[in-house]
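Got the viewer open? Here is a short tour, one selection at a time.

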Amino acid sequence: MISRLSFSFAAGALLGLGLVISGLIDFETVRGFLDLQRSWNPTLVFVLIGTLLPMQIARIISNRLTIKGEGPVVGGAFSVQPGAQPSKPLLIGAVFFGIGWGLTGLLPNVALASVVFGGPPNILYIICFCIGLIVGGPFKRWLS
Amino acid sequence: MQIEWMYGLLGGGLIGMSGALYLLTNGKIMDVSTILAGVLDRSGRATLFERLAFLAGLILVPGVFTSVVTPQEPFLQASPMLVAVAGGMVGLGARLSLITRIGMGQISFDQLQFKIILAVILFLVTAFATFYMVQNEMYKV
């Protein structure tokens with residue numbers, strides 16, 4: 001149990017550190033990516049490129065461990081949920097997410113990582129994000 | 001700009017490593033929206049403390065780092081209605097789709113089906129179009 005919690009905390013901490021180091025914690029960096037009219041900021045693209053290598057290596061390792069009949073460090077089996085996603089919620093969700101992102105330029109990971117210093121608008125965004133997540137559960141089942 | 005993209009790559013590498021750590025230790029794909037949704041609607045009761053530990057790490061490290069190294073000011077200068085609608089739509093969209101997973105590089109190349117590529121295109125087009133319209137005050141919320 002302790003190791004499971006420690007690994008989860010470490011993963012969250014590493015994600016938070018990655019958001020800080022990459023500059024995504026600076027709201028203007030993400031907005032700069034969306035702003036094609038002024039000086040476009042491609043940092044978000046480099047962040048995405050940076051995420052790919054460690055994740056692909058981890059996927060290869062997890063696939064090999066699964067073939068050998070082994071599981072993750074804390075036990076159990078790998079649950080990677082391959083692309084069994086129904087098309088309708090996937091595509092409708094993509095549009096909702098795109099509109100929501102375009103309205104302010106704020107991404108949910110960044111909003112959560114900024115909760116300490118983001119101020120009241122950021123808190124309001126997170127509360128409404130949480131409501132959206134809750135409503136999205138039954139809505140997804142209905143769409144599927 | 002050169003420094004910015006180098007930090008972007010480095011930070012992206014750390015984000016990828018966090019996903020790799022989560023996968024190889026806990027056996028699951030790291031998706032912030034799914035982790036938080038499981039806490040909120042109790043669908044993740046069995047792994048509640050694991051989810052809370054993850055969220056604590058995500059909130060604490062940037063909080064400490066930015067208060068000590070690079071102080072940040074409150075941002076998001078927009079009307080409360082706009083912020084509320086944006087948060088709600090992002091939450092709804094994140095729950096319905098895999099977008100937060102793809103955005104953080106948590107989806108492997110062997111899962112790249114046509115519908116996922118189409119979802120990414122739709123997501124980007126609507127994001128750019130909405131941002132353009134808001135910036136040019138083509139509509140107000």
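Start with α3(B): its 21 residues reach 30 Å from first C-alpha to last, close to the 30 Å expected at 1.5 Å a residue. Keep in mind as you click around that this is a predicted model.

Now colour the buried residues of α3(B): B:E50, B:R51, B:A53, B:F54, B:G57, B:L58, B:V61, B:P62 and B:T66. A glutamate and an arginine, B:E50 and B:R51, are in that buried set.

Back up along the chain to B:R42, in the loop between α2 (32–40) and α3 (48–68) of chain B. Check its backbone: phi is near 65°, a positive value in a residue other than glycine. Is B:R42 buried or exposed? It is exposed, because just 9 other C-beta atoms lie within 10 Å of B:R42, and the cut-off for exposed is 12 or fewer.

**The rest of chain B**

Zoom out to all of chain B. You should see six helices and zero strands, so to speak an α-α-α-α-α-α run from the N terminus on. Of the 141 residues of chain B, 54% count as buried. Among contacts in this chain between residues at least 6 apart in sequence, 42% join residues at least 24 apart.

Next, select α4(B), residues 80–96. How many of the 17 residues of α4(B) are buried? The count is 14, so this helix is largely enclosed by the rest of the structure. Put a distance between the end C-alpha atoms of α4(B) and you get 24 Å, which agrees with the 24 Å that 17 residues should span at 1.5 Å a residue.

Move on to α6(B), residues 114–135. This helix has 22 residues and reaches 32 Å between its first and last C-alpha atoms, close to the expected 32 Å. Light up its buried residues: B:I116, B:A119, B:L122, B:F123, B:T126, B:A127, B:T130, B:F131 and B:V134. They cover an arc of only 150° around the axis, which puts them on the same side of α6(B). The spacing makes sense on general grounds: an α-helix has 3.6 residues a turn, so residues three or four places apart point the same way. Spin to the other side of α6(B) and you find B:F114, B:I117 and B:I121, which are exposed. Just after this helix, stop at B:E137, where phi is positive at about 50°.

Now jump to helix α1 of chain B and pick B:Y22. B:Y22 counts as buried, because it has 28 C-beta neighbours inside 10 Å. Which residues is B:Y22 in contact with, leaving aside neighbours within four places in sequence? They are A:A11, B:K28 and B:M30. For a sense of scale, draw a C-alpha to C-alpha line from B:Y22 to B:M81: the two are 36 Å apart in space and 59 residues apart in sequence.

**Over to chain A**

Switch the selection to chain A. Its secondary structure comes to six helices and zero strands, and the elements run α-α-α-α-α-α from the N terminus on. The C-alpha trace of chain A spans about 50 × 40 × 30 Å along its principal axes. Buried residues make up 51% of the 144 residues here. Of the chain A contacts between residues at least 6 apart in sequence, 44% join residues at least 24 apart.

**Where the chains meet**

Show both chains together and select the interface. Here 103 residues of chain A are in contact with 96 residues of chain B. On the chain A side, α1 (2–22), α2 (27–34), α3 (43–67), α4 (87–104), α5 (108–113) and α6 (119–143) each supply at least two residues. Colour that side of chain A by class and you get 66 nonpolar, 33 polar and four charged residues.

Now bring up the largest nonpolar core, which has 82 residues. Helix α1 of chain B (residues 2–26) gives the largest share of this core, at 11 residues. Which residues have the most contacts inside the core? Those are A:V110 and A:Y125. Centre on A:Y125: not counting residues up to four places away in sequence, A:Y125 touches A:L106 and A:A111 in chain A, plus B:L76, B:V83, B:A86 and B:G87 in chain B.

**Last stop: confidence colours**

Finish by colouring chain B by pLDDT. The mean for chain B is 85, and 85% of its residues reach 70 or more. Where in chain B is confidence lowest, and where is it highest? The low point is helix α5 (residues 99–103), at a mean of 73, and the high point is α4(B), at 94. For the model as a whole, the scores are ipTM 0.90 and pTM 0.89.

Notes:
Residues numbered from 1 in each chain as written. Chains lettered and ligands numbered in written order. Predicted model: local features only at pLDDT ≥ 70, side-chain atom pairs only at ≥ 80, totals over all residues. Contact = placed C-beta atoms within 7 Å. Helix = DSSP H or I, 4+ residues; strand = E, 2+ residues; numbered from the N terminus. Nonpolar A, V, L, I, M, F, W, Y, C, P; charged D, E, K, R; others polar. Buried ≥ 20, exposed ≤ 12 C-beta atoms within 10 Å, placed from the backbone. Expected span 1.5 Å × (residues − 1). Arc of directions from axis to C-beta. Core = buried A, V, L, I, M, F, W, Y, C linked by C-beta atoms within 7 Å. pLDDT = per-residue confidence, 0-100.
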